[in-house]
Amino acid sequence: MSDLPQSVPYLVIGAGIHGLSTAWHLAMALEQQQPGKGSGVLLIDKAAPGAGATGVACGCVRNLYMTSPLHTILRHSVDVWQSDPVNFGFQQVGYVSVGEANQTSDYETMHKSQNAAGYPSDLYVGKEAKTFLQRLWPDFNTEKADCVLHERPSGYAGTHTAIAGLVQKCRQWGVDLRAGVEVSGYDMTGDQITGVVTNQGTIRADCVVICAGAWAPKHWQWLGKSPKLDLHYPDGGIAEGQDMWTFWRLLEGEVYLNGTSYRTADDKDPPVLHVELMNTPVITEDGREFPDQHFYTYVRYAAERVGAPGVQGGTIPIKLGPEAVLDPYGHANPHYQADPWFADYYCATLGYLMDRFKGCRRHFKERANGGIGAFTPDNVPIFDWVAGNAYMVADSNHGFKMIGVGKLLAQQLITGEPSPALAPFALGRYAQGRTFGDRNSNCPWV
Ligand SMILES: Cc1cc2nc3c(=O)[nH]c(=O)nc-3n(C[C@H](O)[C@H](O)[C@H](O)COP(=O)(O)OP(=O)(O)OC[C@H]3O[C@@H](n4cnc5c(N)ncnc54)[C@H](O)[C@@H]3O)c2cc1C
């Protein structure tokens with residue numbers, strides 16, 4: 001007989017970054033109202049904390065978005081990362097993104113918006129951009145580096161440390177965290193979820209928070225929602241009959257440093273580096289070119305992940321479409337790992353950027369590194385009510401960094417006051433002509 005509660009004030013589904021953060025912040029606020037109330041938050045996961053994308057993410061925390069309302073979300077998120085950097089494994093090393101001249105006006109827009117949102121960043125253009133890069137990495141190939149954005153509050157977090165830190169916070173504030181409890185559907189009466197059906201019985205909850213990551217489309221279907229929708233854009237354009245969810249698979253990998261120093265000129269852990277050169281091909285050291293790819297790469301120091309001094313990063317994900325086999329997830333799924341060409345491509349980008357990485361292909365760590373995500377119609381998160389008593393956090397698979405969404409959502413749920421920071425991500429944007437889409441990048445998550 002399961003001892004799972006049959007009725008709770010708050011039921012959070014999914015113990016990834018968002019479910020853990022939401023449950024922690026809800027329980028903390030409830031405990032502060034009245035000791036003991038934190039246990040009114042039940043957090044369930046069909047597997048265990050970190051079983052989804054949160055457990056396999058690269059861990060980069062950046063604010064490089066053309067979608068300016070995300071700048072505020074990231075400011076709140078860095079506040080949370082910085083509230084306990086040791087237990088979350090957060091390294092505030094900064095984030096440096098590099099583009100060619102065609103991106104300068106985008107960088108200017110982002111720079112202005114980030115600073116207006118209280119997220120300090122510096123912009124360098126032309127000669128200043130090259131000087132800035134070589135001050136950090138003296139061997140940096142600045143030939144194509146026309147603009148640089150340096151986000152000072154950004155950085156990275158080791159995913160497993162972050163999960164352990166969040167689980168600890170949940171336990172500390174009394175969250176009832178249960179692994180192995182799988183939702184298989186929702187009992188609905190009108191617009192209300194009257195029962196969450198699980199493998200251990202049906203749970204009634206005053207408020208349900210669905211943080212299901214790549215499994216969000218399943219929950220969407222169980223809620224009886226349409227797999228298609230029309231997208232209305234601010235310029236009056238309409239894209240009819242679009243897929244509500246599209247799966248993409250990520251291409252990532254790790255490289256041992258093997259004696260090479262990946263430190264800045266002043267011997268520090270370097271900022272996370274992100275380079276998109278839309279007009280530049282990637283060519284390996286032995287002259288092979290990748291005809292379908294241009295230059296898009298990111299890299300961070302990742303000893304905690306590699307298991308030895310090493311770096312981790314990736315490139316643009318690959319679109320799969322509206323269907324994907326989700327289980328087993330992540331590294332356990334052989335269908336969704338990086339393609340054989342990826343290691344050559346990735347190491348070629350590193351070797352092009354810095355002399356120290358020339359020849360690094362032989363140090364590529366050959367192991368599974370992939371994972372898939374469910375992207376929204378405009379590739380921007382959806383944070384909104386999906387039933388009268390159910391809220392969905394669907395981050396379009398770029399939200400490991402968005403740990404602050406759980407804090408904002410918990411405040412909203414406890415106070416009943418809608419969060420202005422979450423409002424732009426409401427579902428209504430698609431019908432009301434506020435679909436996002438203003439991005440000049442070949443990557444869906446910029
Ligand atoms: C390879 C890879 C690299 C990435 N790198 C970065 C990065 O560097 N920076 C960044 O910001 N983002 C990154 N992302 C994206 C980021 O990892 C995700 O956006 C984020 O972790 C999603 O968190 P989540 O809590 O929504 O979902 P998840 O972490 O997927 O958690 C969802 C949980 O819900 C549970 N669940 C699902 N359905 C049910 C059910 N029916 N019943 C019970 N439980 C259920 C699952 O078991 C899972 O544990 C990356 C993603 C991948 C795949």
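In this predicted model, Leu11 has Leu42 of β2 as its bridge partner, and the pairing to which strands β1 (residues 7-13) and β2 belong is parallel, extending over four bridges. Between these two strands the chain passes through α1, and the β-α-β crossover that results, from β1 through α1 to β2, is right-handed.

On another strand, β9 (residues 176-179), β2 finds a further partner, again running parallel and again joined by four bridges; within this pairing, Ile44 stands opposite Arg178 of β9. As for its surroundings, β2 is mostly covered, with five of its five residues buried. The covering applies to both faces, since Val41, Leu43 and Asp45 are buried on one side while Leu42 and Ile44 are buried on the other.

Strand β9 also contains Ala179, and here the environment can be judged from a count of neighbours. Ala179 has 13 C-beta neighbours inside 10 Å, and is therefore classed as partly exposed, given that a residue must have 20 or more to be called buried and 12 or fewer to be called exposed. Leaving aside residues up to four places away in sequence, Ala179 touches Asp45, Ala47 and Ala48, and of these Asp45 is one of the buried residues of β2. The C-alpha atoms of Ala179 and Ala15 are separated by 8.6 Å, although the two residues are 164 residues apart along the chain.

The ligand offers another way into the structure. Its shell is made up of 38 residues, and the closest are Gly14, Gly16, Gly52, Gly213 and Gly371. The elements that each supply at least two residues of this shell include α1 (17-33), β2 (41-45), α2 (53-56) and β15 (246-256), and it is worth recalling that α1 lies on the crossover from β1 to β2. Sorted by class, the shell has 18 nonpolar, 14 polar and six charged residues.

Elsewhere in the chain, helix α5 (residues 104-116) has 13 residues and spans 18 Å from its first C-alpha to its last, close to the 18 Å expected at 1.5 Å a residue. The residues of α5 that are buried are Tyr107, Met110, His111, Ser113 and Gln114. An α-helix has 3.6 residues a turn, so residues three or four places apart point the same way. The buried residues of α5 pack against one helix and several strands, namely α3 (69-83), β5 (95-99), β6 (121-125) and β7 (147-151). After α5 comes Gly118, which has a positive phi, near 80°.

Note on methods. Residues numbered from 1 in each chain as written. Predicted model: local features only at pLDDT ≥ 70, side-chain atom pairs only at ≥ 80, totals over all residues. Expected span 1.5 Å × (residues − 1). Contact = placed C-beta atoms within 7 Å. Near = placed C-beta within 6 Å. Nonpolar A, V, L, I, M, F, W, Y, C, P; charged D, E, K, R; others polar. Pairing = 2+ DSSP bridges. Right-handed = clockwise from strand over helix to strand, strands pointing away.
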